Amino acid sequence: MTASEPLYDRIRQRYLEHNVPWDHALPPPEVLAFAEAHQPGRMLDLGCGYGRADLYLANHGWRCDGVDFVPEAVQGAQARAVAAGLSGRVRFFHADIVALDFLKGTYDLVLDVGCLHSQPQAVCERYAEQVRRLTRPGGVFLLFAHLGDDQAPDQRRWITQPVLEGLFADGFTLERHELGTTTVGEDTWPSGWFWLRRSADGL
Ligand SMILES: C[S@@+](CC[C@H](N)C(=O)[O-])C[C@H]1O[C@@H](n2cnc3c(N)ncnc32)[C@H](O)[C@@H]1O
């Protein structure tokens, strides 16, 4: 579908096999805490999967847009929204994170749980431009990523923390980050949560 086709094929295969170990009933505690601490607003979920964060936030008064490049993920998310009676508050789009020109306006919260971290560098740069455009001045970009080491870029599986922080050095302030490890299925990796605040002047 895009420049990163091997990634697409690998992830799509997982959805086709219903082997989606990151999917749980609730979004991560960091998302629950954000919802607890903020008034409802407009949220964009990049790489939304089956839409667990969108559905949770929509159920708490938010208006949510989710984007994923795997059609079966988007179809599953839409079906869950209908079943939960939330389809009036949440929209799911089959789209690539590098092709988001169809999204208009800005979002109070832009969320990424596990999408950016596996993208090639050229995609990361385009992605960061879109996040800059789509996050409301003063709004928050909340990111969860598995973190790689400093291997050569073409051998790395996950984004590194310096690359990640460099992508958002312009137009955002890193207000907080928490590092740890994350286990998905049988694998464990270093990982981090990053709370990035969009500049109030939108520059
Ligand atoms: C680890 S899963 C997490 C899904 C969801 N955020 C969650 O927490 O349940 C990452 C998701 O990002 C999507 N994704 C990866 N690369 C993408 C791209 N270039 N454009 C759109 N979606 C992408 C995958 O299809 C997958 O659903």
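**View 1. Asp65 faces Arg91 across two paired strands.** In this predicted model, Asp65 stands opposite Arg91 of strand 3. Strand 2, residues 63–68, pairs with strand 3 in the parallel sense, and 5 bridges link the two.

**View 2. Seven strands line up in an open sheet.** Stepping back from that pair, we meet 7 strands in the order 3-2-1-4-5-7-6, with mixed pairing. Strand 3 (90–94) and strand 6 (172–184) stand at the edges; each has a single partner strand, so one side of each is left without a neighbour in the sheet. On average, neighbouring strands are turned by 15° against each other, direction ignored.

**View 3. Helix 2 lies across three strands of the model.** Here helix 2 (residues 29–37) lies across strand 4 (107–113), strand 5 (135–146) and strand 7 (187–198). Helix 2 runs at about 160° to strand 5.

**View 4. Helix 1 packs against helix 4.** The axes of helix 1 (residues 5–16) and helix 4 (residues 71–83) are 8 Å apart and meet at an angle of about 40°, which makes helix 1 oblique to helix 4. Helix 1 brings Tyr8, Arg12, Tyr15 and Leu16 to the contact, while helix 4 brings Pro71, Glu72 and Ala73. Of these contact residues, 5 are nonpolar, 2 are charged and none is polar.

**View 5. Cys48 and Cys64 are both without a disulfide partner.** A search of the whole structure finds 0 disulfides. For Cys48, the closest cysteine sulfur is in Cys115, 9.2 Å away and so too far for a bond. Cys64 has the sulfur of Cys48 as its nearest, 10 Å away. Cys48 counts as buried at 7% relative accessibility, and Cys64 counts as buried at 1%.

Notes: Residues numbered from 1 in each chain as written. Predicted model: local features only at pLDDT ≥ 70, side-chain atom pairs only at ≥ 80, totals over all residues. Heavy atoms only, no water. Axes fitted to C-alpha atoms, helices over the stretch in contact; angles between N-to-C directions. Helix = DSSP H or I, 4+ residues; strand = E, 2+ residues; numbered from the N terminus. Parallel < 35°, antiparallel > 145°, perpendicular 65-115°, else oblique. Contact = heavy atoms within 4.5 Å. Nonpolar A, V, L, I, M, F, W, Y, C, P; charged D, E, K, R; others polar. Disulfide = S-S within 2.5 Å. Buried < 20%, exposed > 50% of the residue type's maximum accessible area, 1.4 Å probe, protein only. Pairing = 2+ DSSP bridges.
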